[in-house]
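This report goes through a structure by its contacts, its interior and its charged residues. The sequence and coordinates come first.

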Amino acid sequence: MDKSKRLFLKSKRSFRRRLPPIQSGDRIDYRNMSLISRFISEQGKILSRRVNRLSLKQQRLITIAIKQARILSSLPFLNNEKQFEKSELVTITTDLRTRKKKNRLTPQLNQNSNLN
């Protein structure tokens, strides 16, 4: 076979069909934590329909179930503890900044009171 003809031949790939993520007997409910946890990322975000390989109706039901579980505190809104630690550091630094501003203002007030 010529090299020019080989370029147009498709390579044969093995095709393996995956199982659907939700079986016919599974109930999509906020109490079914084993099912719901499969559709949440490590950060606690709801995965997209393309990643989940769900139909539109199934994705809507999963989203509603996840939101209900979050409201009832079965699921956390955030799963990333590092992100929580970062937000604490930000508040500490802002507190230090405000303290510095207060310290700068107090000598000025003392100078103004001495002038009067």
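I40 lies in the loop between α2 and α3. In this predicted model, its relative accessible area is 14%, which falls under the 20% cut-off and therefore makes I40 buried. Leaving aside residues up to four places away in sequence, I40 is in contact with K45, L47, I66, L75 and N79. The C-alpha atoms of I40 and T63 are 9.8 Å apart, with their positions 23 residues apart along the chain.

**Overall layout**

The protein chain contains five helices and zero strands, so its order along the sequence reads α-α-α-α-α. Of its 116 residues, 16% count as buried. Among contacts with a separation of 6 or more, 52% are between residues 24 or more positions apart. The chain exposes about 10900 Å², and carbon and sulfur atoms supply 53% of that area.

**The nonpolar core**

Which residues make up the largest nonpolar core? There are eleven: I22, L35, I36, F39, I40, L54, I62, A65, I66, A69 and L75. Helices α2 and α4 (56-71) each supply at least two residues of this core. The largest share, four residues, comes from α4. I40 is a member of the core, and two of its contacts, I66 and L75, are listed as members too.

A65, another core residue, can also be placed relative to N32. The two are 33 residues apart in sequence, and their C-alpha atoms are 8.8 Å apart. N32 is found in the loop between α1 and α2 and is partly exposed, at 23% relative accessibility.

**N79 and the segment it touches**

N79, one of the contacts of I40, is in the loop between α4 and α5 (81-115). With a relative accessible area of 38%, N79 is partly exposed. Apart from residues up to four places away in sequence, N79 touches I40, S41, E42, Q43 and G44. For G44 the C-alpha separation from N79 is 5.0 Å, although the two are 35 residues apart along the chain.

**R70, a buried arginine**

R70 belongs to helix α4. Is R70 buried or exposed? R70 is buried, yet it has no salt bridge. The nearest side chain of opposite charge is that of E42, 14 Å away. A salt bridge requires a side-chain nitrogen within 4 Å of a carboxyl oxygen, so E42, at 14 Å, does not pair with R70. Contacts of R70, again without residues up to four places away in sequence, are G44, K45, I46, L75, P76 and F77. Of these, K45 and L75 are also touched by I40, and G44 is also touched by N79.

**Salt bridges**

The structure holds two salt bridges. One joins the side chains of R38 and D26, with an N to O distance of 4.0 Å. This pair links distant parts of the chain: R38 is in the loop between α2 (33-36) and α3 (49-52), whereas D26 is in the loop between α1 (3-6) and α2, twelve residues apart. The other is between R31 and D29, whose closest N and O atoms are 2.8 Å apart.

The burial of the four residues is set out below.

| Residue | Relative accessible area | Class |
|---|---|---|
| R38 | 46% | partly exposed |
| D26 | 31% | partly exposed |
| R31 | 61% | exposed |
| D29 | 16% | buried |

In the R38 and D26 pair, R38 is partly exposed and D26 is partly exposed as well. In the R31 and D29 pair, R31 is exposed, whereas D29 is buried.

**A nonpolar surface patch**

I71, L72, F77 and L78 make a nonpolar surface patch of about 470 Å². I71 is in helix α4, the helix that also holds R70. The relative accessible area of I71 is 67%, over the 50% cut-off, so I71 counts as exposed. F77, a further patch residue, is among the contacts of R70.

**Which part of the chain recurs**

Helix α4 appears in several of these descriptions: four of its residues are in the largest nonpolar core, R70 is one of its residues, and I71 is another. G44 is in contact with R70 and with N79.

Conventions
Residues numbered from 1 in each chain as written. Predicted model: local features only at pLDDT ≥ 70, side-chain atom pairs only at ≥ 80, totals over all residues. Heavy atoms only, no water. Buried < 20%, exposed > 50% of the residue type's maximum accessible area, 1.4 Å probe, protein only. Core = buried A, V, L, I, M, F, W, Y, C linked by side-chain atoms within 4.5 Å. Lys, Arg positive; Asp, Glu negative; His and termini not counted. Contact = heavy atoms within 4.5 Å. Patch = residues over 30% accessible without salt bridge, like charges linked within 9 Å, V, L, I, M, F, W, Y side chains within 5 Å. Areas by Shrake-Rupley, 256 points an atom, 1.4 Å probe, with all protein chains shown as cover.
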